[in-house]
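Reader: I am new to this structure and would like to go through it with you. May I put some short questions?
Author: Certainly; please begin once it is displayed.

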Amino acid sequence: SKPTNQEYSISFEGLQIITDETTPTRYSLDTLKVLKRARTKIEWKIATGSVFTDTGFGYITELSESAPVGELLSFSGTITGFGEPTETTTFIYEDSDTLIYE
């Protein structure tokens, strides 16, 4: 049988920043806590430079922070996604024998 609903987990980590409203693709730990507590559906994106990109939707299901003395505040978490992620590549060159994706 083939499963009808697919679920997956994406781990992430980062350093605490001040959320800059002019850069909405970067969020502070405080903003991530609000999204998790409100059970807000988010769109995630994993990109290797501009080469391959996976995108999808999910919820932040785990979030923790670490603040060792004398070091920057760091955090880690997990996004639980659902459905099938979308994969894209950026095409840059073609000749008679070669296809190159950036």
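Reader: Where in the protein chain is confidence lowest, and where is it highest?
Author: This is a predicted model. Its mean pLDDT is lowest in strand β6 (residues 99-101), at 51, and highest in α1, at 90.

Reader: What is the mean for the protein chain?
Author: The mean pLDDT of the chain is 79, and 71% of its residues reach 70 or more.

Reader: Why does a low value matter?
Author: Where pLDDT is low, the predicted coordinates should not be read in detail.

Reader: Turning to the fold, how many helices and strands does the protein chain have?
Author: There are one helix and six strands. Starting at the N terminus, their order is β-α-β-β-β-β-β.

Reader: Which residues make up the largest nonpolar core?
Author: That core has nine residues: Tyr8, Ile10, Leu29, Leu32, Ile42, Trp44, Ile60, Phe75 and Ile79.

Reader: And which elements each supply at least two of them?
Author: Those elements are β1 (7-15), α1 (29-37), β2 (42-47) and β4 (74-89).

Reader: What does Tyr8 contact, leaving aside neighbours within four places in sequence?
Author: Tyr8 is in contact with Trp44, Gly56, Phe57, Pro85 and the residues Ile79, Thr80, Gly81, Phe82 and Gly83. Of these partners, Trp44 and Ile79 also belong to the core.

Reader: What share of the protein chain counts as buried?
Author: Of its 102 residues, 17% are buried. The accessible surface comes to about 8,000 Å², and carbon and sulfur atoms hold 51% of that area.

Key:
Residues numbered from 1 in each chain as written. Predicted model: local features only at pLDDT ≥ 70, side-chain atom pairs only at ≥ 80, totals over all residues. Heavy atoms only, no water. Core = buried A, V, L, I, M, F, W, Y, C linked by side-chain atoms within 4.5 Å. Buried < 20%, exposed > 50% of the residue type's maximum accessible area, 1.4 Å probe, protein only. Helix = DSSP H or I, 4+ residues; strand = E, 2+ residues; numbered from the N terminus. Contact = heavy atoms within 4.5 Å. pLDDT = per-residue confidence, 0-100. Areas by Shrake-Rupley, 256 points an atom, 1.4 Å probe, with all protein chains shown as cover.
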